[in-house]
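User: I'm new to this structure and would like a close look at a single part of it. Could you walk me through the strand pairing and the charged side chains around it?

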Amino acid sequence: MPKFPECWESCGNCAAETIIIETLLVAPGERIERDATLLVLETGKVALDIPCPYEGRVVEVFVERYDEVSEGMLLVTVECE
């Protein structure tokens, strides 16, 4: 899980509630492009797309839809090609 936006610490408005996986867009074995959306988070106030930092193949997915997530949590393993 990437670092939460800095404004969440100063304001806290967007992340005031539980942060969950709203939509999971990948599965093991799928190929993914760099910057393609892996999943969408729901904060209770905003939906936030989480992009893939690498191009490659999805090896393992560690979360499911509606799982609660936190900063630094392992979400997906991507094998770079």
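Analyst: Here is a walk from the whole chain down to one small group of side chains.

First, some ground rules. This is a predicted model, in which local features need pLDDT of at least 70 and side-chain atom pairs count only at pLDDT 80 or more, while totals for chains, interfaces and linings use all residues. Residues are numbered from 1 along each chain as its sequence is written, and side-chain values use heavy atoms, with hydrogens and water left out.

The protein has one helix and six strands, and along the sequence they follow the pattern α-β-β-β-β-β-β. Helices (H or I, at least four residues) and strands (E, at least two) are DSSP runs, numbered from the N terminus.

Now to the sheet. Three strands line up in the order β2-β5-β6 to make an open, antiparallel sheet. Its edge strands are β2 and β6, each of which pairs on one side only. Two strands count as paired if DSSP finds at least two bridges between them. Strand β2 (residues 31-32) meets β5 (residues 56-61) over two bridges, and β5 meets β6 (residues 76-80) over five bridges. You can follow the partners across: Arg31 has Arg57 in β5 as its bridge partner, and Arg57 in turn has Glu79 in β6. Ile32, meanwhile, stands opposite Gly56 in β5.

Stay with Arg31, as the charges come together there. A salt bridge here is a side-chain nitrogen of Lys or Arg within 4 Å of a carboxyl oxygen of Asp or Glu, and by that rule the count comes to two. Arg31 forms one with Glu33, where the closest N and O atoms are 3.9 Å apart. Arg31 also meets Glu55 in a salt bridge, at 2.4 Å from N to O. That second pair links distant parts of the chain: Glu55 sits in the loop between β4 (47-51) and β5, Arg31 is in strand β2, and they are 24 residues apart. Put together, Arg31, Glu33 and Glu55 are linked in a network of salt bridges. As a general point, side chains of opposite charge can pair when their charged atoms come close.

How open is this network? Buried means under 20% relative accessible area, exposed means over 50%, and partly exposed is in between (1.4 Å probe, protein chains only). Arg31 is partly exposed at 41%, Glu33 is partly exposed at 42%, and Glu55 is partly exposed at 34%.

Next door in the sequence to Arg31 is a residue with other company. Ile32 is among the residues with the most contacts inside the largest nonpolar core, along with Leu38, Leu39, Leu41, Val69 and Val76. That core has 15 residues, and β3 (37-42) and β6 each supply at least two of them. A nonpolar core is a set of buried Ala, Val, Leu, Ile, Met, Phe, Trp, Tyr and Cys residues joined through side-chain atoms within 4.5 Å.

One last stop is the cysteines. A disulfide is a pair of cysteine sulfur atoms within 2.5 Å, and the structure holds zero of them. Why is Cys80 not bonded to Cys52? The sulfur of Cys80 is 7.7 Å from that of Cys52, its closest cysteine sulfur, so the two are too far apart for a bond. Cys52 itself counts as buried, at 0% relative accessibility.
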